[in-house]
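This report goes through selected features of one protein chain, helix by helix, and then turns to its pocket and some single residues.

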Amino acid sequence: MESFFILKSTSKSKRVIATKNGFSFYFLFLGPILGIFKGLWMEVLISIIFIYLAIYLAPELSFFSILISSIFWGFFGKDLYIQKLLKLNYVPEDIITSESSKKAILIFSSKNK
């Protein structure tokens, strides 16, 4: 069982999103690509510029710069996504322990009837 943060939109749609926090293997291996799908445009751009400059200025350290970027995305990818949601007027509602995000939303919905 894992902890999920429940975020609710303040707009008319009242959309509810459940997301985990912490390390992510998906972000570790697919960092900038997953960042694009999550809408983290500025963070992806900074990451790509960092990798490009590191490879251009010190080609012998290219593997190290890609490794550092991957580790950064692994540890902070989910946090960056949560911060984006907060900027988009989502409000934290609850923390629920569940097996999946869909079950966490179901538990949250049943609590708040």
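## Helix α1

The model described here is predicted. Helix α1 covers residues 25–38, and its end C-alpha atoms are 15 Å apart, whereas a straight helix of 14 residues would span 20 Å. The helix bends by about 105° at Gly-31. A proline, Pro-32, follows within four residues of that bend.

At the N-terminal end of α1, Ser-24 acts as a cap, with a side-chain oxygen 3.3 Å from the backbone nitrogen of Tyr-26. Past the other end of the helix, Gly-39 comes just after α1 and has a positive phi of about 85°. Four residues of α1 are buried: Phe-27, Leu-28, Gly-31 and Gly-35. Gly-31 is thus both the site of the bend and one of the buried residues. The cover over the buried residues of α1 includes α2 (41–57) and α3 (62–87).

## Helix α3

Helix α3 also bends, by about 55° at Phe-76. Its buried residues are Ser-65, Ser-69, Trp-73, Gly-74, Gly-77, Lys-78, Leu-80, Tyr-81, Ile-82 and Leu-85. Among the elements that cover them are the strands β1 (2–9), β2 and β3 (90–98), together with the helices α1 and α2.

Two serines of α3 can be described further. Ser-65 lies in this helix and has a relative accessible area of 3%, so it counts as buried. Apart from neighbours within four places in sequence, Ser-65 is in contact with Phe-50, Ile-51, Ala-54 and Ile-55. Ser-69, also placed in α3, has a relative accessible area of 6% and is therefore buried. With residues up to four places away in sequence not counted, Ser-69 touches Ser-47 and Ile-51. The contact with Ser-47 includes a polar one between the two side chains, at 3.0 Å. Ile-51 appears in the contacts of Ser-65 and in those of Ser-69.

## The largest pocket

The largest pocket has a volume of about 360 Å³. Its lining consists of 16 residues, and those nearest the centre are Ala-18, Thr-19, Lys-20, Lys-38 and Lys-78. At least two lining residues come from each of β2 (16–19), α1, α3 and α4 (101–111). The largest share, five residues, is supplied by α1.

Of the residues nearest the centre of the pocket, Lys-38 belongs to helix α1. Its relative accessible area is 31%, so Lys-38 counts as partly exposed. Leaving out neighbours within four places in sequence, Lys-38 is in contact with Phe-27, Tyr-81 and Lys-84. Phe-27 is one of the buried residues of α1, and Tyr-81 is one of those in α3. Between Lys-38 and Ser-109, which are 71 residues apart in sequence, the C-alpha to C-alpha distance is 24 Å. Lys-78, another residue nearest the pocket centre, is listed among the buried residues of α3.

## Positive phi in two loops

Most residues other than glycine have a negative phi. Which values do Lys-14 and Asn-89 take? Lys-14 is not a glycine, yet its phi is positive, about 55°. This residue is found in the loop between β1 and β2. With a relative accessibility of 46%, Lys-14 counts as partly exposed.

Asn-89 is likewise not a glycine and has a positive phi of about 65°. Asn-89 follows α3 and is found in the loop between α3 and β3.

## Lys-103 in helix α4

Lys-103 is found in helix α4, one of the elements that supply at least two residues of the pocket lining. Is Lys-103 buried or partly exposed? At a relative accessible area of 42%, Lys-103 is partly exposed.

The side chain of Lys-103 makes a polar contact, at 3.0 Å, with the side chain of Glu-99. Along the chain, Lys-103 and Phe-4 are 99 residues apart, while 9.9 Å separates their C-alpha atoms. Phe-4 falls within the range of strand β1 (2–9).

Key: Residues numbered from 1 in each chain as written. Predicted model: local features only at pLDDT ≥ 70, side-chain atom pairs only at ≥ 80, totals over all residues. Heavy atoms only, no water. Expected span 1.5 Å × (residues − 1). Bend = angle between axes of the 7 residues up to and from the residue. Buried < 20%, exposed > 50% of the residue type's maximum accessible area, 1.4 Å probe, protein only. Contact = heavy atoms within 4.5 Å. Polar contact = N/O pair within 3.5 Å; in protein donor to acceptor, adjacent residues only side chain to side chain. 1 Å grid on protein atoms, 1.4 Å probe; cavity = no way out; pocket = protein on both sides within 12 Å on 5 of 7 lines; lining within 4 Å. Points joined across faces, edges and corners; volume = space filled by probe spheres on them.
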